[in-house]
Amino acid sequence: MEFRELGRTGLKLSCVGFGASPLGNVFGAVSEEQAIASVRLAFQSGINFFDTSPYYGGTLSETVLGKALKALEAPRTSYVVATKCGRYHDGFDFSADRVARSIDESLERLQLSHVDILQCHDIEFGSLEQIVKETIPALVKLKEAGKTRFIGITGLPLSVFSYVLDRVPPGTLDVVLSYCHYSVNDSALGDFVPYLKAKGVGIINASPLSMGLLTQAGPPQWHPASPQLKSACQAAAAHCKEKGKNISKLALQYSLLNKEITSVLVGMKSVEQVEENVAAARELATSGIDEEALSEVEAILKPVKNQSWPSGIQQS
């Protein structure tokens, strides 16, 4: 497993990160035994980065991940834990008071004295002015109090990152987590990397499979992509199947190719999924990506390249 440095934090993360949202039964039921076995295998395979949120499964993901990490009986310094604040099962609350309570609740569920990264979750759903003036100063206080080592923001529209980073003192934020913007169908984050690096923040990319678009089974019913985008991804998946290739493996490997991105978070809920993702990363490291399959898939997806979907509230 390859390890990459996260911005200026000094943290070294595995290039494949363990997305723990599925442990909250977000994509079907997962038993505690299954969750613990998945986390253990991931850790034994070299994955040291685990990402969760109180929003996933209405706090269940944090609770289950906490049990799984405890079951490892590994030194606390041997893994990196990220959680979030601001988005909850019952809605959004980016107030300083809620952020302060949120981290204490998360630490209790995770059974930890501190997290490594605390991120403000999906900031496009709040007032960006409040995020800059109230939420981030509250995160800074939690960092000073030792409840988190580093702080960051997450969101879908890339524009929210520059809005915030241009308005907080340099060096305030350590990390940004972007999702669905560095995958075969949408690599818009790539153009944003020089800006983020100039701001000194580490970059995490989540959802290399575009929330299920780049899978054989296809996306869930609720997926916000346009019919045109869904149909193009379906065609790409069908093409891969016909050629005896796996579109999900290809998609993960594509996302891992960009070394400027520290870690690619993949949701995992079973030992089989962990095995597949680790094998894909190892294959990429030893024999590279299937260039022919990649160029064929890129050609199919060209008409919808970088097409996204709306997320959040209209910011004035």
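Before we look at how a helix sits on a strand, one definition: axes are lines fitted to C-alpha atoms, for helices over the stretch in contact, and angles run from 0 to 180 degrees between N-to-C directions. With that in hand, take helix 6 (residues 188–198): it lies across strand 10 (175–179) and strand 11 (202–206), and its angle to strand 11 is about 160°. Keep in mind that you're looking at a predicted model. The centrepiece is a closed barrel of eight strands with parallel pairing, and there is a nonpolar core of 105 residues to explore too.

**The barrel**

- Going round the closed barrel, the strands come in the order 3-4-5-8-9-10-11-12, and they pair in parallel.
- From one strand to the next, the twist averages 30°.
- As a bit of background, strands of a sheet pair through backbone hydrogen bonds, and the pairing can be parallel or antiparallel.
- For a close-up, try strand 8 (residues 115–120) and strand 9 (residues 148–155), which are joined by five bridges in the parallel sense.
- You can pick out partners across this pair: I117 has F150 of strand 9 as its bridge partner, while C120 stands opposite I153 in strand 9.
- Is strand 9 largely enclosed or open? Seven of its eight residues are buried, so strand 9 is largely enclosed by the rest of the structure.

**The nonpolar core**

- Which residues touch the most other members of the largest nonpolar core? They are F18, V39, I117, I153, V164 and L301, out of 105 residues in that core.
- Helix 4 (residues 128–144) is the top contributor to this core, giving seven residues.
- V39 makes a good example to click on: leaving out residues up to four places away in sequence, V39 touches F18, L23, F50, L65, A68, L69 and L72.
- I117 and I153 turn up again here, as both are on that list of core residues; you met I117 as the partner of F150 and I153 as the residue opposite C120.

**Cysteines without partners**

- How many disulfides does the structure hold? The count is zero.
- C120 is in no disulfide, and the nearest cysteine sulfur, which belongs to C85, is 5.0 Å away. A disulfide needs the two sulfur atoms within 2.5 Å.
- C120 is also buried, because its relative accessibility is 0%.
- Why does C233 have no bond to C180? The closest cysteine sulfur to that of C233 is in C180, and at 10 Å it is too far for a bond.
- C233 has 0% relative accessibility, so it counts as buried.
- C180 itself is in the loop between strand 10 and helix 6, and at 2% relative accessibility C180 counts as buried.

**Backbone oddities**

- C180 has a phi near 60°, a positive value in a residue other than glycine.
- N306 has a positive phi as well, near 65°, and N306 isn't a glycine either.
- You'll find N306 in the segment after helix 10, where N306 is partly exposed at 34% relative accessibility.

**Residues worth a click**

- V297 belongs to helix 10 (residues 291–301) and is buried, with a relative accessible area of 1%.
- Setting aside neighbours within four places in sequence, V297 is in contact with V184, A236, C240 and L250.
- V297 and P194 are 103 residues apart along the chain, and their C-alpha atoms are separated by 26 Å.
- D166 sits in the loop between helix 5 (159–165) and strand 10. Is D166 buried or partly exposed? D166 is partly exposed, with a relative accessible area of 46%.
- Apart from neighbours within four places in sequence, D166 is in contact with Y195 and K199. K199 is 33 residues away along the chain, yet the C-alpha atoms of D166 and K199 are separated by 8.7 Å.
- S270 is in the loop between strand 12 (263–267) and helix 9 (271–287), and S270 is buried, with a relative accessible area of 9%.
- Not counting residues up to four places away in sequence, S270 touches Q34 and S38.

**What the record says**

- An unreviewed UniProt entry lists residues 16–283 as "domain: NADP-dependent oxidoreductase".
- In this model, residues 16–283 are 43% helix and 17% strand, and the end C-alpha atoms of the span lie 13 Å apart.

Terms used:
Residues are numbered from 1 along each chain as its sequence is written. This is a predicted model: local features need pLDDT of at least 70, side-chain atom pairs count only at pLDDT 80 or more; totals for chains, interfaces and linings use all residues. Side-chain values use heavy atoms; hydrogens and water are left out. Buried means under 20% relative accessible area, exposed over 50%, partly exposed in between (1.4 Å probe, protein chains only). A nonpolar core is a set of buried Ala, Val, Leu, Ile, Met, Phe, Trp, Tyr and Cys residues joined through side-chain atoms within 4.5 Å. Helices (H or I, at least four residues) and strands (E, at least two) are DSSP runs, numbered from the N terminus. Contact means heavy atoms within 4.5 Å. UniProt positions are given in the numbering used here, feature names are shortened, and annotations may be inferred rather than shown by experiment. Two strands pair if DSSP finds at least two bridges between them.
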